[in-house]
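Open the model in your viewer and keep the selection box handy. This short tour has a few stops, and each one starts with something to select.

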Amino acid sequence: MKIGIVCYPTFGGSGVLATELGMALSEKGHEVHFITYQQPVRLHFHPNVYYHEVSVPTYPLFDFPPYETVLTGTLVDVISNNNLDILHVHYAIPHASAAYFAMQILKKQGKDIPFITTLHGTDITLVGRDPKYMPVVTFSMNESAAITAVSDNLKEETYRWFKIEKDIHVIPNFVDTMRFQHSDKEHFKKMLAPNGERILAHVSNFRKVKRVEDVIHVFEQVRKVIPSKLLMIGDGPERPNAEELCRTLGVCNDIRFLGKQEQVDEILSITDLFVLPSEYESFGLAALEAMACGVPVISTNTGGLPEINVQGVTGYLSDVGDIADMAKNAINVLSDDDRLETFKENALQHTKNFERKNIVPIYEQLYQQVIAEYSKKKLAIL
Ligand code: GMT
């Protein structure tokens, strides 16, 4: 198949998943065209992968350069000149409405193709629910040939907040276990934790929804009982507040802010416990990648997190903001070597349910089904 993929090319989970999917499809022999405003962070060279930049021209009149219009124009160009079979947009805003508009233009030339929208999280639970976005998001979701959501919880949330007239397919996120696996990085661990301290880690884009300050509070409690270090990976608007809190609590010496990292798997390989205290996660891909490296997870029990983190097995779940409970659970996991090893093994085993090789074929089948139905419909109109 010739597949177009639209996503946010940044470190956010939706872009990561879209890129991993595109690369997996290209390795399976499909021709994959990424249409994004910059090269996606995890995109690597493959002969079957094409990259088309959405380059938004500036003009003195534009206080807000019209990204969606340029994306639409680029989609029209890429789809018609490369004879794509299907377009898959990740994150509804504004990708689904741009896809819809592009298809209307292409219809006039008899070159329209079906598009699929994958919902990732805040496009539904936070941003999409804003009345200014809602009518456009609802309309373009309903116009998609198929809608997928990354967890049962996100599917339920979508039905709860939007008037959706079709089935939403749940296709969980996946992890590439060839890349995300424990590797021996002992030398690296010794540098960061020279006295054998336990290592805790957090990975996110430091948005408010991630509650990064809770990570610091939990760590401060753990550190009082267990010698430990904390690695904060990623960057975003809440980082200055988190750094300020470290200074206020006097824990800076044991915390490293590493910024955006491409080799997250290497850092996770030296991590003993992953902390994800989010206000909401539709899925929590960062936690799944940690588990694939054999790292247990302390998380909140919100959204789709209970679908990947199993209470008392792969880690623990607490109410949002319950720092005392998260700290107690973290201490429980970290305080005993044998217990920690059991949690690590459980976390690793559980990721087998989310392996790339099992999830990617579900997308392929959906593409085939959607393409077949679409061409049948087109023939019926003729
Ligand atoms: O929060 C992020 O890292 C980005 C965000 C997004 O909307 O792009 O991620 C969402 O999609 C990820 C991939 O499907 C999920 O693993 C995250 O849980 C989800 N984030 C939220 O729901 C807050």
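Start where helices α3 and α5 meet: their crossing is left-handed. Bear in mind as you look around that this is a predicted model.

**Stop 1: the helix crossing.** Select residues 92-108 for α3 and residues 134-143 for α5; the two axes come within 9 Å and cross at roughly 55°. At that angle, which falls outside the 65 to 115 range for roughly perpendicular and is not under 35 degrees, α3 and α5 are therefore oblique to each other.

**Stop 2: the side chains in between.** Now show A92, I93, A96, S97 and Y100 on α3, then V136, V137, F139, S140 and E143 on α5, since these residues make the contact. Colour them by character and you will find seven nonpolar, two polar and one charged.

**Stop 3: the second largest pocket.** Next, select K107, D112, Y374, K377 and K378, the residues of the lining that lie nearest the centre of the second largest pocket. The lining has 20 residues in total, and the pocket holds about 530 Å³ of space.

Which elements give two or more residues to this lining? They are α3, α5 and α15, so add 356-381 to your selection to bring α15 into view. Of the elements, α15 gives the most, with six residues.

**Last stop: the character of the lining.** Colour the lining of the second largest pocket in the way you coloured the helix contact. Here the residues divide into ten nonpolar, three polar and seven charged.

Conventions
Residues numbered from 1 in each chain as written. Predicted model: local features only at pLDDT ≥ 70, side-chain atom pairs only at ≥ 80, totals over all residues. Heavy atoms only, no water. Axes fitted to C-alpha atoms, helices over the stretch in contact; angles between N-to-C directions. Helix = DSSP H or I, 4+ residues; strand = E, 2+ residues; numbered from the N terminus. Parallel < 35°, antiparallel > 145°, perpendicular 65-115°, else oblique. Left-handed = near helix turned anticlockwise from the far one by under 90°. Contact = heavy atoms within 4.5 Å. Nonpolar A, V, L, I, M, F, W, Y, C, P; charged D, E, K, R; others polar. 1 Å grid on protein atoms, 1.4 Å probe; cavity = no way out; pocket = protein on both sides within 12 Å on 5 of 7 lines; lining within 4 Å. Points joined across faces, edges and corners; volume = space filled by probe spheres on them.
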